[in-house]
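Q: Could you take me on a close look at the site around the ligand? I would like to know what surrounds it and which contacts hold polar atoms.

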Amino acid sequence: MSAPWKLFRNLKKKLFGKTPPKPDAIPKTPSAPPKTTPQITDSSPSLQERKDPYFIQIGFDFGTSYSKCICRDVMTNKAWVYIDPQSQEQELPFLIPSALAMGNNKIFHIQDSNIHYPENGLYHLKTALVLAANRQLSNPSLVAYRNAIKQNDANRLSEFVAGCGVYFLAGVLGQVRDQIRERFPGFGSLPKDYMAINLAIPVEDAQHPEINKLYSRIISDAWEFADQLSGHPPVSLADLQSLRRKNITTNGPCFIYPEVSANVQGFVRSRASSPGIYLLSDTGGSTVDQSVFIFMRQNNEEHLTYLAGRVLPLGSSRIECRAAEKCGKTDCMFLEDLREKKERGEDVSELREAKYWISKELNLETECTIALSKGKLFRKEQLNSIKVIFGGGGYCKYPYKTAVMKPFSGQLFSEALHPDVIGMPVPSDLELKGHEAKWMRRLNVAYGLSFEKNELVPFTYPSDVSDPKPDEISRPLKPTNHAPTKDEC
Ligand SMILES: Nc1ncnc2c1ncn2[C@@H]1O[C@H](COP(=O)(O)OP(=O)(O)OP(=O)(O)O)[C@@H](O)[C@H]1O
Ligand SMILES: [Mg+2]
């Protein structure tokens with residue numbers, strides 16, 4: 001257990017008693033938060049009086065299209081959504097575009113959330129980082145990165161992609177940290193004042209050492225350079241190279257954890273959620289992240305057992321990218337036009353084939369997710385009570401909902417099943433005004449990441465849940481790491 005956490009756990013105990021409060025146990029703040037960066041001047045002691053250090057946990061959902069960020073005052077368990085000062089007038093002001101671009105030999109950040117495919121753009125950075133970590137450097141998705149450095153050298157290319165990752169994250173984190181200092185005047189005046197960051201990566205990638213290593217490195221470099229790069233001042237290629245530290249011994253306040261675990265934290269921590277078996281399907285820009293989990297609550301303690309956790313390369317941007325490839329026109333303007341048509345739900349011929357393809361693939365993959373989960377259950381009929389939760393900005397009825405629901409009427413079930421589709425609860429510890437509750441579908445991952453890592457609901461990975469043996473299926477003896485049965489839920 002980390003030293004700062006021990007200190008803050010003890011302080012929390014002092015303030016709140018033996019068990020730190022759960023989100024739902026904390027009274028709501030009576031007044032709605034103001035739109036500009038609020039300061040906690042009324043409730044916070046003056047600089048001279050303050051004895052207890054601050055501990056702010058940043059939860060950062062690094063998305064392919066948009067990043068999202070939620071910060072939490074760990075001491076009081078109150079969380080708020082980070083909003084870039086320049087995005088306040090946008091319809092969804094919490095979305096931070098994850099794209100960069102090159103101009104005048106400098107790299108800069110794309111601020112406008114309506115632009116996904118900028119001219120000379122370095123977009124889908126998250127995908128580029130995974131390709132770089134896997135040394136898949138001739139992949140067509142890296143063309144823009146290769147063109148930017150005008151070189152084919154594999155090492156230079158992977159360093160460049162990593163540098164872009166550091167630049168993007170550092171520029172945003174710098175602003176997040178500035179806002180935290182504004183909100184908590186005098187932050188840093190006590191030596192134990194502390195900020196930490198949790199970043200999510202897809203579960204399969206989290207188990208892949210090279211990807212894990214690269215992410216750990218870029219987040220700790222970004223944390224280091226955050227004040228310097230706050231707000232993304234344009235940088236030259238040479239500047240970008242200098243953003244890498246040579247010797248990293250520790251990740252300090254930076255922590256990485258699987259996206260699926262982050263995604264369900266809000267759900268399992270809510271008093272409104274009932275124990276049971278769930279399929280969560282999150283449609284992002286590049287991937288659909290699916291997990292099937294059994295949620296148990298006993299003596300007020302929650303536990304998650306994952307039966308399956310899968311990352312499918314069938315995210316929403318695949319629709320316009322595939323359609324553009326089929327048309328033989330992959331320039332930025334054409335991609336942007338297709339994306340806009342897709343988001344408006346226009347039924348145009350260019351997109352039709354791509355959606356149909358996604359629907360077929362996702363149908364098969366979801367069937368596979370369900371089959372894998374069924375394989376982990378002693379009592380297969382447990383699956384009959386499954387409920388479905390959808391998330392992500394790319395979610396829409398066709399192809400995503402229809403493809404996920406179809407396998408429930410397929411060969412895995414003796415009778416067609418019509419599982420309930422339930423919404424994610426709106427957490428009571430998060431500052432959101434009435435109409436902002438609908439943001440939650442996009443914010444689940446960032447919300448889950450805003451908890452101090454020692455406070456996360458414990459979970460068991462799919463790979464650690466054993467498949468029952470044939471004789472155990474007919475005579476259910478329980479191994480240590482078995483999937484809980486319905487009676488145990
Ligand atoms: N109204 C809409 N209809 C369909 N798709 C949409 C709509 N609005 C946004 N999208 C798509 O949602 C995607 C962005 O969703 P989200 O913010 O959840 O992705 P992300 O978190 O950046 O990606 P990932 O989780 O894969 O890294 C984009 O591909 C965008 O085109
Ligand atoms: Mg996402």
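**A close look at the ligand site**

A: Happy to walk you through it. Helix α10 gives the largest share of the shell around ligand 1, namely 3 residues. Please keep in mind that this is a predicted model.

Let us begin with where the ligand is placed. Ligand 1 sits in the second largest pocket. Two elements give two or more residues to its shell: β2, which spans 66-73, and α10, which spans 332-343.

Now for the residues themselves. There are 22 residues around ligand 1, and those that come nearest are Thr-64, Ser-65, Gly-285, Glu-343 and Gly-393. By class, the shell divides into 14 polar residues, 7 charged ones and 1 nonpolar one.

The polar contacts add detail to this picture. Glu-343, one of the nearest residues, places a polar side-chain atom 2.6 Å from an oxygen atom of ligand 1. The backbone takes part as well: at Tyr-66, a backbone N or O atom lies 2.9 Å from an oxygen atom of the ligand. At Thr-287, a polar backbone atom is 3.2 Å from an oxygen atom of ligand 1. As for burial, ligand 1 on its own has 660 Å² of accessible area, and the protein covers 89% of that.

To put the parts together: the ligand sits in the second largest pocket, its shell draws on β2 and α10 among its sources, and Glu-343 offers a side-chain contact, while Tyr-66 and Thr-287 offer contacts from the backbone.

Note on methods:
Residues are numbered from 1 along each chain as its sequence is written. Chains are lettered from A and ligands numbered from 1 in the order in which they are written. This is a predicted model: local features need pLDDT of at least 70, side-chain atom pairs count only at pLDDT 80 or more; totals for chains, interfaces and linings use all residues. Side-chain values use heavy atoms; hydrogens and water are left out. A residue is near a molecule or strand if one of its heavy atoms lies within 4 Å of it. A polar contact is a pair of N or O atoms within 3.5 Å; within protein, one must be able to donate a hydrogen and the other to accept it, and residues adjacent in sequence count only if both atoms are side-chain atoms. Accessible areas come from the Shrake-Rupley method with a 1.4 Å probe; for residues, only the protein chains shown count as cover. On a 1 Å grid over the protein atoms alone, a cavity is a set of points where a 1.4 Å probe fits but cannot get out, and a pocket is an open set with protein on both sides within 12 Å along at least five of seven lines; lining residues have an atom within 4 Å of a point. A molecule sits in a cavity or pocket if more than half of its atoms lie within 2 Å of its grid points. Helices (H or I, at least four residues) and strands (E, at least two) are DSSP runs, numbered from the N terminus. Ala, Val, Leu, Ile, Met, Phe, Trp, Tyr, Cys and Pro count as nonpolar, Asp, Glu, Lys and Arg as charged, and the others, Gly among them, as polar.
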